[in-house]
Amino acid sequence: MVDKETSNHSEVTDFTLVGFRVGPELHILLFLLFLLVYAMILLGNIGMMSIIMNHPRLNTPMYFFLGNLSFIDLFYSSVIAPKAMINFWSESKCISFAGCVTQFFLFALFIVTEGFLLAAMAYDRFIAICNPLLYSVQMSTSLCTQLVAGCYFCGCISSVLQTSMTFTLSFCASRAIDHFYCDGRPLQRISCSDLFVYKTMTFSLSILIILPTIIVIIVSYMYIVSTVLKIPSTEGRKKAFSTCSSHLGVVSVLYGAVFFMYLTPDRFPELSKVASLCYTLVTPMLNPLIYSLRNKDVKEALRKSLKKKIVL
């Protein structure tokens, strides 16, 4: 018989984040790797936000969305990376129950918000290419603000639902979470609750989040491709496609990593951890690089900023 005290989730005061099952000699290497990636995330995303805010030429809907993307990348990686790095040096690797709930909530909030934001960015590119003469009218400041606010609202609602469903489960099998952060799948493994209703609800919620965003992105790009192919000049087609290439790169990296993570069988937890690294740390590191290397306006703004600093 399961002890009443251990079967009640409210009695759980902390968890243990197992992290990567590697020898102690590799902990230093992993710590340095995490530190390097996190430093690049901070530098890239803070730099991107700074460039967008300080250059009037980038005061457009596209860069307004991009600034918010950098903000989201910066914060959701900060929810994961510092605690993971601390645990490489910690003997106990503990995280409090409240800390686990907070980490789960914030990560779910930002990752879902990013998915909706990428859909809003796809819509922005659709209007820019398919209706260029009406772009400034249709993508007004108020609409852009509403779209971003809507992304955060959807992220918040989703996060509240996911967090409340997950942490009303009973955790009695173990307190050891076989992951480097508090995620849904490893938390399911240590629960002794009946998971049928939980899995059905989380699957339905995932469909409600992923399906609309993917549909908006795919439909937007179907119209974009159709419009671009009608442009008579090769140079015109190349210029139109170049405005979308960065966004497509970001979408491919994020959704590719997420699908890889959730299609990885549950019996391979170490593979799931590697897949999680892709969208928790690698994606927010690559996003500013993709936009800065593929975007002439950002490169020009960066060049001007560097010139000013050299002169000073």
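Start the tour at helix H8, which supplies the largest share of the lining of the largest pocket, 11 residues. The model on the screen is a predicted one, and that should be kept in mind at each stop that follows.

**Stop 1: the largest pocket**

With helix H8 (196-229) selected, add Gln-162, Thr-202, Ser-206, Ile-210 and Tyr-262, which are the residues that lie nearest the centre of this pocket among the 35 that line it. The space enclosed here comes to about 1,100 Å³. To see the walls in full, colour the elements that give two or more residues to the lining, namely H4, helix H6 (141-166), H7, H8 and H9. If the lining is then coloured by residue class, it divides into 22 nonpolar, eight polar and five charged residues.

**Stop 2: the cavities**

Turn next to the enclosed spaces; how many cavities of 30 Å³ or more are there? The count comes to two.

For the largest cavity, with about 100 Å³ of space, select Leu-17, Val-18, Gly-19, Phe-20, His-27, Ala-84, Asn-87, Phe-88, Lys-93, His-179 and Phe-180, which form its lining. The largest share of that lining, three residues, comes from H3, and by class the lining has six nonpolar, four polar and one charged residues.

Within this selection, centre the view on His-27, which is found in helix H2 (residues 24-54). Is His-27 buried or exposed? Its relative accessibility is 17%, and since the cut-off for buried is under 20%, His-27 counts as buried. Leaving aside residues up to four places away in sequence, His-27 touches Phe-20, Val-22, Phe-88 and Lys-93; Phe-20, Phe-88 and Lys-93 also belong to the lining of the largest cavity.

The second largest cavity holds about 40 Å³ of space, and the residues to select for it are Met-62, Met-121, Asp-124, Arg-125, Thr-243, Ser-246, His-247 and Tyr-291. The elements that give two or more residues to this lining are H4 and helix H9 (234-263), and by class the lining divides into three nonpolar, three polar and two charged residues.

**Stop 3: Ser-70 in helix H3**

Select helix H3 (residues 61-89) and find Ser-70 within it. Ser-70 is buried, with a relative accessible area of 2%. Showing its surroundings, and again not counting residues up to four places away in sequence, one finds that Ser-70 touches Asn-45, Met-48 and Met-49. A distance label drawn from the C-alpha atom of Ser-70 to that of Asn-287 should read 7.8 Å, although the two residues are 217 residues apart along the chain.

**Stop 4: the cysteines**

A disulfide is a covalent bond between the sulfur atoms of two cysteines. The structure holds one disulfide; which residues does a disulfide join here? Select Cys-100 and Cys-182, whose sulfur atoms are 2.1 Å from one another. The torsion about their S-S bond is about -125°, so the disulfide is left-handed. Cys-100 lies in helix H4 (residues 97-130), while Cys-182 lies in the loop between strand S3 (176-177) and helix H7 (184-189), so the pair ties together parts that are 82 residues apart in sequence. Both Cys-100 and Cys-182 are buried.

Cys-144, by contrast, is in no disulfide, and the nearest cysteine sulfur, that of Cys-151, is 11 Å away. Cys-144 counts as buried at 4% relative accessibility, and Cys-151 is likewise buried, with a relative accessible area of 4%. The cysteine sulfur closest to that of Cys-151 is in Cys-154, at 6.9 Å, which is too far for a bond.

**Stop 5: the annotated spans**

Finally, bring in the record: an unreviewed UniProt entry lists residues 28-51, 63-81, 101-123, 143-161, 203-229, 241-262 and 274-293 under "transmembrane region". Two of these spans are worth selecting one after the other. Residues 63-81 are 100% helix and 0% strand, with end C-alpha atoms that lie 26 Å apart. Residues 241-262 are also 100% helix and 0% strand, and the end C-alpha atoms of this span lie 31 Å apart.

Key. Residues are numbered from 1 along each chain as its sequence is written. This is a predicted model: local features need pLDDT of at least 70, side-chain atom pairs count only at pLDDT 80 or more; totals for chains, interfaces and linings use all residues. Side-chain values use heavy atoms; hydrogens and water are left out. Helices (H or I, at least four residues) and strands (E, at least two) are DSSP runs, numbered from the N terminus. Buried means under 20% relative accessible area, exposed over 50%, partly exposed in between (1.4 Å probe, protein chains only). Contact means heavy atoms within 4.5 Å. A disulfide is a pair of cysteine sulfur atoms within 2.5 Å. UniProt positions are given in the numbering used here, feature names are shortened, and annotations may be inferred rather than shown by experiment. On a 1 Å grid over the protein atoms alone, a cavity is a set of points where a 1.4 Å probe fits but cannot get out, and a pocket is an open set with protein on both sides within 12 Å along at least five of seven lines; lining residues have an atom within 4 Å of a point. Grid points are joined across faces, edges and corners, and a volume is the space filled by probe spheres set on the points. Ala, Val, Leu, Ile, Met, Phe, Trp, Tyr, Cys and Pro count as nonpolar, Asp, Glu, Lys and Arg as charged, and the others, Gly among them, as polar.
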